[in-house]
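Hi,

Here is the structure I promised to pass on. Please have a look when you get a moment; my notes follow below it.

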Amino acid sequence: MSRRGPQLCVDILNKPTVINSGQRHLTVQHQEDVKIARLISGITSGIRRKKNTAFSLIGKKQMTVDVMALYKVQHNKPDFSYHTTKAALEAFSKLTAVKSAEFIIKNMPTRPDVTLYTFLMATYCNADLHDKVQTVFSTMLSDGYSPSRKAFTYLLKSYSHQRNITKCKSILKQMSSMGIVPDKFHILDTACCFTLYTEMTQFFEEAKQQYGLRIAPILRLNYILKTTLALSEKMTLYEGARKDPACKPVNSTYTFIITELRKAGRYSEALNIFENDLVIDNCKPDLVTCGAYMSTCYAAMHSASDQKIFVAKAETCFSDLHRSGELAEYSLILILMDIYERGGCTERAKLLKQFVINRRFGKVPMRLRTTFKNITGEEWTDSESKDRIQHIGRFYKPEPRSATRNLKDEILEIMKQ
């Protein structure tokens, strides 16, 4: 948005409202309520997950300011603006703006309904304030409301985070008694209470018999690995899954484990999973898994005495990916260039540049050009003289895009120099 806050609200309200045939009976106040609600929903429509990296902290703060400004335009009017209040609470739940959500609830002229209570629960849940989630649920029951499926979802997440398996199972039974059939996410959230693979498997068998839900072993494993379990507990579940013939880890499983180990500084374990576990499990790594492995190589070089080992590991991974028929994206090329920068591999960086130019991957990212200049001291140019092209011809021979030549030998020739 180019203009923020109250001025933006004035500009929007001054525009004519498009009213459907079924809305012509609405009052002007109601029409403006619907308009503001739609605008608020549009501000946060791009946020899909709790920790979406596409939105910076500053961006979320500005969104919170914009939503609150729009809400106050309607809040200062005599009639209660339900649609604006609902849209603002939903936006604050996505933005985890706890104080803003509490402000709306405290200043409501009427008692909140189930939908508004549920959005408040979502805000607390996303902010990891799980005790408050349970308090709001109790308040909802004391007000005489029947909880919705969404309300039960956030309540389950709160008790699952506290590892209260008894309470989670009790909630599942309560849902069934109220005619709300638990779905697979309710079962998965409950399963997050377990830290042993055998106990988790037993629970899923019970859920299959009670609720008729069958969830593939690898899907439930990947879901639980992405929760707030400690790394040691995740590794226990991972090792248990590898011993289960019915649960065969896939690339996303390995990628997640390698990334978690890298973040914890356990580089040798992360590299071992890629180099050994994938081979034993007969799993062909994809581009994302190779990226996690090469990123681990880059991180391990920081404290390594012999950095050439990790340069060789990353180059082998890069080459094997091409052998499998996958075309490298700039994400992998950037990682490999960063590895060359940390390892001081000037000539290899130049050869990798020529590989990029001759393969015509598309527009070269600025970060790749900058890294190349840091390594070699030369500017990245997309065209080279004929003498230079002929000089590197023994490493790489340009070919038409329609050619189907195996890239393995081509990559290996570059990497050997």
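**A pocket, a ring pair and two helices**

The second largest pocket is lined by K226, S252, T255, F256, T259, E260 and K263. Do keep in mind that this is a predicted model. The volume of that second largest pocket comes to about 190 Å³. Sorted by class, its lining has 3 polar and 3 charged residues, along with 1 nonpolar residue.

Next, the aromatic rings. The structure holds 8 aromatic pairs. One of them is formed by F185 and Y223, with 6.2 Å centre to centre and 50° between the planes, so the pair is tilted. This pair links distant parts of the chain: F185 sits in helix α10 (residues 184–191) and Y223 in helix α12 (residues 217–225), 38 residues apart.

Finally, a helix contact you may like. Helix α9 (residues 165–177) and helix α11 (residues 197–211) have axes that come within 13 Å and cross at roughly 10°. Angles under 35 degrees count as roughly parallel, so α9 is roughly parallel to α11. On the α9 side, the contact involves K169, L172, K173 and S176, which meet F203, E206 and Y211 in α11. By class, this contact of α9 with α11 has 3 nonpolar, 1 polar and 3 charged residues.

Happy browsing, and best wishes!

Definitions and conventions: Residues numbered from 1 in each chain as written. Predicted model: local features only at pLDDT ≥ 70, side-chain atom pairs only at ≥ 80, totals over all residues. Heavy atoms only, no water. Axes fitted to C-alpha atoms, helices over the stretch in contact; angles between N-to-C directions. Helix = DSSP H or I, 4+ residues; strand = E, 2+ residues; numbered from the N terminus. Parallel < 35°, antiparallel > 145°, perpendicular 65-115°, else oblique. Contact = heavy atoms within 4.5 Å. Nonpolar A, V, L, I, M, F, W, Y, C, P; charged D, E, K, R; others polar. 1 Å grid on protein atoms, 1.4 Å probe; cavity = no way out; pocket = protein on both sides within 12 Å on 5 of 7 lines; lining within 4 Å. Points joined across faces, edges and corners; volume = space filled by probe spheres on them. Phe/Tyr/Trp six-rings, centres within 6.5 Å; stacked < 30°, edge-to-face > 60°.
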